[in-house]
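Here are my notes on the two-chain model you sent over. I've kept them to numbered points so you can check each one against the coordinates.

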Amino acid sequence: NCGSALTKMSRRYDSRTTIFSPEGRLYQVEYAMEAIGNAGSAIGILSKDGVVLVGEKKVTSKLLQTSTSTEKMYKIDDHVACAVAGIMSDANILINTARVQAQRYTYAYQEPMPVEQLVQSLCDTKQGYTQFGGLRPFGVSFLFAGWDKNYGFQLYMSDPSGNYSGWKAAAIGANNQAAQSMLKQDYKDEITREEAVQLALKVLSKTMDSTSLTSEKLELAEVFLTPSGNVKYQVCSSDSLSKLLLKFGVTQPAAETS
Amino acid sequence: MSIFEYNGSALVAMVGKNCFAIASDRRLGVQLQTIATDFQRISKIHDRVFLGLSGLATDAQTLYQRLVFRHKLYQLREERDMKPETFANLVSAILYEKRFGPYFCQPVIAGLGDEDKPFICTMDSIGAKELAKDFVVAGTASESLYGACESMFKEDMEPEELFETVSQALLSSVDRDCLSGWGGHVYVVTPTEVKERILKGRMD
């Protein structure tokens with residue numbers, strides 16, 4: 001009874017982002033994270049020679065006009081890319097902000113922005129929406145994958161609160177807790193990029209809700225170094241992805257109807 | 001001495017048959033003293049667009065950095081490279097923004113547009129574009145360059161002949177200008193490759 005009275009009272013603290021509830025929570029931030037829990041999942045895995053990002057596409061209608069654009073993965077700068085989970089329109093704003101921040105750094109210092117600084121800068125922007133302005137937080141979580149000369153390959157996860165941390169493997173979006181525990185079991189340090197791709201596809205296939213897994217439902221991108229030593233961000237083509245799914249034995253063909 | 005002549009420069013771009021050439025001198029001076037003989041005045045924006053900046057070197061560097069900023073964002077948003085005509089418009093707009101406190105540069109833009117059609121243009125320091133079908137020139141040696149190009153230019157030259165023509169025009173013009181020279185830097189760009197060559201000229 002006492003509990004229900006408390007929850008009824010705490011409803012009063014929902015409408016404004018800029019105040020704490022009596023229990024010391026920021027409800028709007030938590031509700032934003034709820035929104036992301038229903039979005040298409042994304043997994044990131046750090047390997048010794050690259051970072052792998054895999055995303056589950058939620059919008060897969062035959063009527064959708066396909067183009068080279070991706071739904072889950074975006075390039076921020078030549079050396080940093082991100083995977084997105086949550087409200088796409090919110091994500092677009094933040095991606096644009098991150099891109100401009102990266103270019104501003106390069107303009108000032110004539111070198112690529114270190115990955116953590118870029119993540120921190122974007123998270124500072126997100127934090128602003130939890131403390132001032134009377135605006136709601138962004139309903140997006142990110143997985144940032146990048147390389148810089150100070151710390152090599154890195155993977156970061158950030159959420160609507162503006163909190164971020166570095167990870168060896170992380171999952172965001174729907175079923176992220178299941179994915180995260182699977183990653184915890186199977187991830188080993190010194191994993192290679194190819195093994196990371198395999199692990200990411202395996203974990204995603206197990207945690208995805210859909211009954212059949214084809215390359216149309218997934219996006220795969222990698223950040224790695226070319227033989228000449230330059231950082232490259234590459235999105236896997238639909239054909240290569242189908243081949244990979246077959247190779248790793250994670251394709252579940254759609255049930256045939258007679 | 002005018003501010004445009006402070007560092008000394010020579011730039012020329014020429015159209016050939018499905019190709020273009022863009023060339024510059026290599027001297028960086030501070031009035032009459034030579035500081036560097038390997039100064040890069042031409043920069044690649046992407047595989048099919050090159051930008052040469054003559055005039056005050058500090059403004060050329062800053063202008064180039066601002067253009068890289070804008071072009072990188074364009075590439076990320078549009079998911080393609082900028083066409084040379086579009087790039088020229090961008091340069092013109094950025095220069096005009098500083099209409100009452102301009103960058104002391106004269107850019108030369110050269111690129112391959114749609115269907116591999118060569119495109120060249122130059123503009124003044126506040127963004128007035130000058131499109132040409134044959135050649136454009138800029139820098140302290142521009143008057144000599146105009147004469148040399150006018151007499152040596154032929155339409156539809158193949159890359160090898162274009163290279164020879166541009167090189168001769170550049171070297172003979174900078175030899176008549178005390179502020180530019182110390183060799184040459186020539187880029188000949190076709191749809192399939194970019195050939196970069198250094199010219200040995202009079203080192204004075």
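Which residues are exposed on the other side of H5(A)? Point 2 has the answer.

Before that, the ground rules. This is a predicted model, where local features need pLDDT of at least 70, side-chain atom pairs count only at pLDDT 80 or more, and totals for chains, interfaces and linings use all residues. Residues are numbered from 1 along each chain as its sequence is written, chains are lettered from A and ligands numbered from 1 in the order in which they are written, and side-chain values use heavy atoms, with hydrogens and water left out.

1. Start with the inner face of H5(A). In this helix, residues 176-186 of chain A, the buried residues are Ala179(A), Met182(A) and Leu183(A). They cover an arc of only 100° around the axis, which puts them on the same side of H5(A); the arc is that of the directions from the helix axis to the C-beta atoms. Buried here means under 20% relative accessible area, exposed over 50%, and partly exposed in between (1.4 Å probe, protein chains only). As background, an α-helix has 3.6 residues a turn, so residues three or four places apart point the same way.

2. Now the other side of H5(A): Gln177(A), Lys184(A) and Gln185(A) are exposed there.

3. What do the buried residues of H5(A) pack against? Their partners in chain A are strand E1 (42-47), strand E8 (169-172) and helix H6 (193-207), with contact meaning heavy atoms within 4.5 Å.

4. Chain A as a whole has seven helices and 10 strands. These are DSSP runs numbered from the N terminus: helices are H or I, at least four residues, and strands are E, at least two. The radius of gyration of chain A is 19 Å, close to the 18 Å from the globule rule for 258 residues, so chain A is as compact as a globular protein of that length. That radius is taken over C-alpha atoms, and the rule is 2.2 Å times the number of residues to the power 0.38. Of the 258 residues, 47% count as buried.

5. Chain B has four helices and 12 strands. Its radius of gyration is 16 Å, close to the 17 Å that the globule rule gives for 204 residues, so chain B is as compact as a globular protein of that length. Its C-alpha atoms fill a box of roughly 45 × 40 × 25 Å along the principal axes, and 54% of its 204 residues count as buried.
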